[in-house]
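Notebook open, model loaded. I want to go through the fold first and then the helix packing.

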Amino acid sequence: MPRTTDGDGTPVPQRLLAAATRLFAEQGYDRTSVQEIVEAAGVTKGALYHYFGSKDDLLHEVYARVLRLQQERLDTFANADEPVEKRLRDAAADVVVTTIDNLDDAMIFFRSMHHLSPEKNKQVRAERRRYHERFRALVEEGQKAGVFSTATPADLVVDYHFGSVHHLSTWYRPDGPMGPQEVADHLADLLLRALRP
């Protein structure tokens, strides 16, 4: 089966995800029909159901693709041959930048997560937990090495940082006074200041 049906060569799954992301962001998940998605992507319903079993699967993939990217990048930072303070700061800043770079995806997900089936919801929670555990392991590594304070439990430190990250879609604006890297630097610095012994 061909992966493209238009002149620019964009694979059908990416076209469907782009159309779904735009429509979910503009109209909301629950007010967007499968017909609107396929029309915007320029494909048939059969193509959508070939690549995604349902609209629920599209919603899951909107978030999962960002989380996969962030997990790969976190693993790279965590495994780098650098001091733990630098690895944690780089990871903390990166999750902010990649969230801002995919702000529609994040906004859609946090607004619409409750629409996921129980099975998909469980899967997403497991994927997020894996990411947060890997991030927490960096905090714990620094605490055990005496580089970071142990006054605040690692779980609370991680929840604090990700609370800020998860709320970016409610206040960050691309035309605002700060760019993605500037916001990332401020939030990463706040995290490291909170961990200073």
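Before anything else, a note to self on what I call a helix or a strand: both are DSSP runs, with at least four residues for a helix (H or I) and at least two for a strand (E). Also, this is a predicted model.

**Entry 1: the DNA-binding region.** I looked up the UniProt record, an unreviewed entry, and it lists residues 33-52 as "DNA-binding region". I checked what the model does there: the chain over residues 33-52 is 75% helix and 0% strand. The C-alpha atoms at the two ends of that stretch sit 14 Å apart.

**Entry 2: the annotated domain.** The unreviewed UniProt entry also lists "domain: HTH tetR-type" for residues 10-70. Over residues 10-70 I get 77% helix and 0% strand. For this stretch the end C-alpha atoms are 23 Å apart.

**Entry 3: the whole chain.** How many helices and strands does the protein chain have? I get ten helices and zero strands, so to speak an α-α-α-α-α-α-α-α-α-α run from the N terminus on. Along the principal axes, the C-alpha atoms fill a box of roughly 60 × 35 × 30 Å.

**Entry 4: domains.** The domain assignment splits the chain into domain 1 (10-53) and domain 2 (55-195). I note that the centres of the two, taken over C-alpha atoms, are separated by 27 Å. Domain 1 puts 15 residues into the contact, and domain 2 puts in 15 residues.

**Entry 5: α4 on α5.** Next I went to the helix pairs involving α5. Helix α4 (residues 55-79) and α5 have axes that come within 9 Å and cross at roughly 165°. That makes α4 roughly antiparallel to α5, because angles over 145 degrees count as such. The crossing of α4 past α5 is right-handed. On the α4 side I find L69, Q70, R73, L74, F77 and A78, which meet R87, D90, A91, D94, V95, T98 and T99 in α5. By class, the contact of α4 with α5 holds six nonpolar, three polar and four charged residues.

**Entry 6: α5 on α7.** Which way does α5 run relative to α7? The axes of helix α5 (residues 84-101) and helix α7 (residues 118-144) cross at roughly 150° and come within 9 Å. That makes α5 roughly antiparallel to α7. This crossing is left-handed. From α5 the contact uses V84, R87, L88, A91, A92 and V95, and from α7 I wrote down Y131, F135, L138, V139, E141 and G142. Sorted by class, the contact of α5 with α7 has nine nonpolar residues, one polar and two charged.

**Entry 7: α5 on α10.** Last pair in my notes. The axes of α5 and helix α10 (residues 180-195) come within 8 Å, with a crossing angle of roughly 140°. The crossing of α5 and α10 is right-handed. On α5 the contact residues are E85, L88, R89, A92, A93, V96, V97, I100 and D101. On α10 they include P180, Q181, V183, A184 and D185, and also L187, A188, D189, L191, L192 and L195. I count this contact of α5 with α10 by class as 14 nonpolar, one polar and five charged residues.

Methods. Residues are numbered from 1 along each chain as its sequence is written. This is a predicted model: local features need pLDDT of at least 70, side-chain atom pairs count only at pLDDT 80 or more; totals for chains, interfaces and linings use all residues. Side-chain values use heavy atoms; hydrogens and water are left out. Axes are lines fitted to C-alpha atoms, for helices over the stretch in contact, and angles run from 0 to 180 degrees between N-to-C directions. Angles under 35 degrees count as roughly parallel, over 145 as roughly antiparallel, 65 to 115 as roughly perpendicular and the rest as oblique. A crossing is left-handed if the near helix is turned anticlockwise from the far one by less than a right angle, and right-handed if clockwise. Contact means heavy atoms within 4.5 Å. Ala, Val, Leu, Ile, Met, Phe, Trp, Tyr, Cys and Pro count as nonpolar, Asp, Glu, Lys and Arg as charged, and the others, Gly among them, as polar. UniProt positions are given in the numbering used here, feature names are shortened, and annotations may be inferred rather than shown by experiment. Domain bounds come from an automatic or database domain assignment.
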